[in-house]
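Visitor: I am new here and would love a short tour. Could you show me the structure?

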Amino acid sequence: MRPDELITPLGRPRIMGIVNVTPDSFSDGGRFMTSDAAIGHGRELMAQGADILDIGGESTRPGATRPLVSEELDRVVPVIRALSAEGATVSVDTMRAEVAEAAVRAGARVINDVSGGLADPAILRVAAEHDVLFVAMHWRAHSTEMQQHAVYDGPGGVVTAVRDELSARVDDAVAAGVDLERIVVDPGLGFAKSSDHNWELLQHLDAIEELGRPVLVGSSRKSFLGTLLGGPQGPRPVDEREHANVALTTIVALQGSWCVRVHDVRASADAVRVVERFGRASGERR
Ligand code: PMM
């Protein structure tokens, strides 16, 4: 699917299904480590209604150490090649230009860079040279140190800071030659953010929409949901946060975001169908 088709309004958010080919992601690390397991999982997510599959070979959980470039390539390229060949719309979740380039050559139509081009600015040139979408997420530092950067004490707090920093990422991408019409923005829940910061951003997605670009939101299984649902024994375990995430998918869908990035595709796909039907019933169009 061409990038412009990928962002035409559908009346509901797209569902981006997560395929982490990593030993250490916080929720599914190690489950889909072999190419075959990851490809099988991708097929399953497509069957459940994923519009896009996001294939990642680097865990970004707080404190994670980075894989070698060669390891990241070995993890993602065969999976992207196989799933693209089967007709899936594939996104590569990477901060590295070299990985993005190989992924696009293997069939990826979306470059999802959680650093928005900050970690390896050469990735912007890769995005400019190919007919792909570029997802610029709000990010301040690599996982080992990102929580030290969760400080937003300027006027307007976290919402204004995230909007302005994302706007700078969009400007950098455009300056590097990326067509503005191919850029998507993402507030980056959990990346250099406290739980309160995440909730504030979710309450003010309209401020992110002000950037005039499609908005992607990734809340699935993140620790702020574990904190919300937890009790005296600690946060709710990762695999017991899904119902809360479906509630968030519903909220995000009602606000008109472009895409939600989720682990459990079926649950969020059902939620967006409800919102889509509800929107039609009330005569709204997005
Ligand atoms: N979150 C994670 C990884 N990649 N990409 C985007 N665009 N937005 C996100 O919120 C995001 C991301 C971390 O979650 P995971 O380890 O479950 O993939």
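Guide: Gladly! This is a predicted model, and we can start with A192. At 0% relative accessibility, under the 20% cut-off, A192 counts as buried.

Visitor: Where is A192 found?

Guide: A192 is not placed in a helix or a strand but in a loop. The elements on either side of that loop are β6 (183–186) and α7 (195–203).

Visitor: What is the phi of A192?

Guide: A192 is a residue other than glycine, and its phi is a positive value. The angle is near 55 degrees.

Visitor: What about R221: is it buried or exposed?

Guide: R221 is found in the loop between β7 (216–217) and α9 (223–229), and its phi is positive too, near 60 degrees. Its relative accessible area is 15%. Buried means under 20%, so R221 is buried.

Visitor: Let us turn to the ligand. Which residues come nearest to it?

Guide: There are 15 residues around the ligand. Those that come nearest are N112, D186, K222, R261 and H263.

Visitor: How far is a polar side-chain atom of D186 from a nitrogen atom of the ligand?

Guide: D186 is one of the residues that come nearest to the ligand. A polar atom of its side chain and a nitrogen atom of the ligand are separated by 2.6 Å.

Visitor: Which side chains have an N or O atom by an oxygen atom of the ligand?

Guide: For K222, an N or O atom of the side chain is 2.7 Å from a ligand oxygen. For the other side chain, the distance from an oxygen atom of the ligand is 2.9 Å. The two residues are K222 and H263.

Visitor: How much of the ligand does the protein bury?

Guide: Taken alone, the ligand exposes 410 Å². Of that area, the protein buries 97%.

Visitor: How many residues of each class are in the shell around the ligand?

Guide: The shell has nonpolar, polar and charged residues. In that order, the numbers are 6, 5 and 4.

Visitor: R261 was on your list. Which side chain makes a polar contact with the side chain of R261?

Guide: The partner is in strand β3 (residues 90–93) and counts as buried, at 10% relative accessibility. The contact is 3.1 Å, and the partner is D93.

Visitor: Now a helix, please. What distance does α2 reach from its first C-alpha to its last?

Guide: Helix α2 covers residues 35–47, which gives it 13 residues. At 1.5 Å a residue, the expected span is 18 Å. The model is close to that, with a reach of 18 Å.

Visitor: Why do the buried residues of α2 lie on the same side?

Guide: In α2, A38, I39, H41, G42 and L45 are buried. An α-helix has 3.6 residues a turn, so residues three or four places apart point the same way. The buried residues are on the same side of α2 because they cover an arc of only 160 degrees.

Visitor: And which residues are exposed on the other side of α2?

Guide: The other side of α2 has residues over the 50% cut-off for exposed. They are D36 and A47.

Visitor: One last stop: how far apart in space are F134 and R109?

Guide: F134 is in strand β5 (residues 133–137) and counts as buried, at 0% relative accessibility. In sequence, F134 and R109 are 25 residues apart. In space, C-alpha to C-alpha, the distance is 9.0 Å.

Conventions. Residues are numbered from 1 along each chain as its sequence is written. This is a predicted model: local features need pLDDT of at least 70, side-chain atom pairs count only at pLDDT 80 or more; totals for chains, interfaces and linings use all residues. Side-chain values use heavy atoms; hydrogens and water are left out. A residue is near a molecule or strand if one of its heavy atoms lies within 4 Å of it. A polar contact is a pair of N or O atoms within 3.5 Å; within protein, one must be able to donate a hydrogen and the other to accept it, and residues adjacent in sequence count only if both atoms are side-chain atoms. Accessible areas come from the Shrake-Rupley method with a 1.4 Å probe; for residues, only the protein chains shown count as cover. Ala, Val, Leu, Ile, Met, Phe, Trp, Tyr, Cys and Pro count as nonpolar, Asp, Glu, Lys and Arg as charged, and the others, Gly among them, as polar. Helices (H or I, at least four residues) and strands (E, at least two) are DSSP runs, numbered from the N terminus. The expected span of a helix is 1.5 Å times one less than its number of residues. Buried means under 20% relative accessible area, exposed over 50%, partly exposed in between (1.4 Å probe, protein chains only). The arc is that of the directions from the helix axis to the C-beta atoms.
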